[in-house]
Amino acid sequence: MTENRIVYITQAPVELYKVLKFENFASSGGEAKHMLADGLVRVNGRVETRKRKKILPGDLIEIYGTCLEIQMDSI
């Protein structure tokens, strides 16, 4: 079963490791880097290994059975 969540960002692009930290999937940039190196993260359906991959509104991040949909926060 997949959980779907919407993640609102205030500026774009944002680096992938920051999203993983802010959404509590990683406690540090180093932990996020290991998760990516192990192939645990998919962005838009493809395994992503770059810690600093630029994430934009509309991107989908999949990790541990959770799908994060990135949207721009309209403040």
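Helices and strands are here DSSP runs, numbered from the N terminus, with at least four residues for a helix and at least two for a strand. The model is predicted.

**Exercise 1.** Work out in what order the strands of the open sheet stand, and why one side of S1 and of S4 is left without a neighbour.

*Solution.* Begin with the order, which is S1-S7-S6-S3-S4 for the 5 strands of this open sheet, with mixed pairing. Next, look at the edges, where strand S1 (3-9) and strand S4 (46-47) each have a single partner strand, so one side of each has no neighbour in the sheet. Then turn to strand S6 (residues 60-63) and strand S7 (residues 66-72), which run antiparallel and are joined by 4 bridges; Ile61, for instance, has Leu68 in S7 as its bridge partner.

**Exercise 2.** Find which elements supply at least two residues each to the lining of the largest pocket.

*Solution.* Start from the pocket itself, whose volume is about 190 Å³. Of its 13 lining residues, Ile9, Gln11, Val14, Lys18 and Phe22 are the closest to the centre. The elements asked for include S1, strand S2 (14-15) and helix H1 (16-22). Finally, sort the lining by character, which gives 7 nonpolar, 2 polar and 4 charged residues.

**Exercise 3.** Determine which residues have the most contacts inside the largest nonpolar core, and which element gives the largest share of this core.

*Solution.* Within this core of 19 residues, the most contacts belong to Leu16, Leu20, Val41, Ile55, Ile61 and Ile70. H1 gives the largest share, 4 residues. To follow one member further, take Val41, which, with neighbours within four places in sequence left aside, is in contact with residues including Leu16, Leu20, Met35 and Ile61.

Definitions and conventions:
Residues numbered from 1 in each chain as written. Predicted model: local features only at pLDDT ≥ 70, side-chain atom pairs only at ≥ 80, totals over all residues. Heavy atoms only, no water. Pairing = 2+ DSSP bridges. 1 Å grid on protein atoms, 1.4 Å probe; cavity = no way out; pocket = protein on both sides within 12 Å on 5 of 7 lines; lining within 4 Å. Points joined across faces, edges and corners; volume = space filled by probe spheres on them. Nonpolar A, V, L, I, M, F, W, Y, C, P; charged D, E, K, R; others polar. Core = buried A, V, L, I, M, F, W, Y, C linked by side-chain atoms within 4.5 Å. Buried < 20%, exposed > 50% of the residue type's maximum accessible area, 1.4 Å probe, protein only. Contact = heavy atoms within 4.5 Å.
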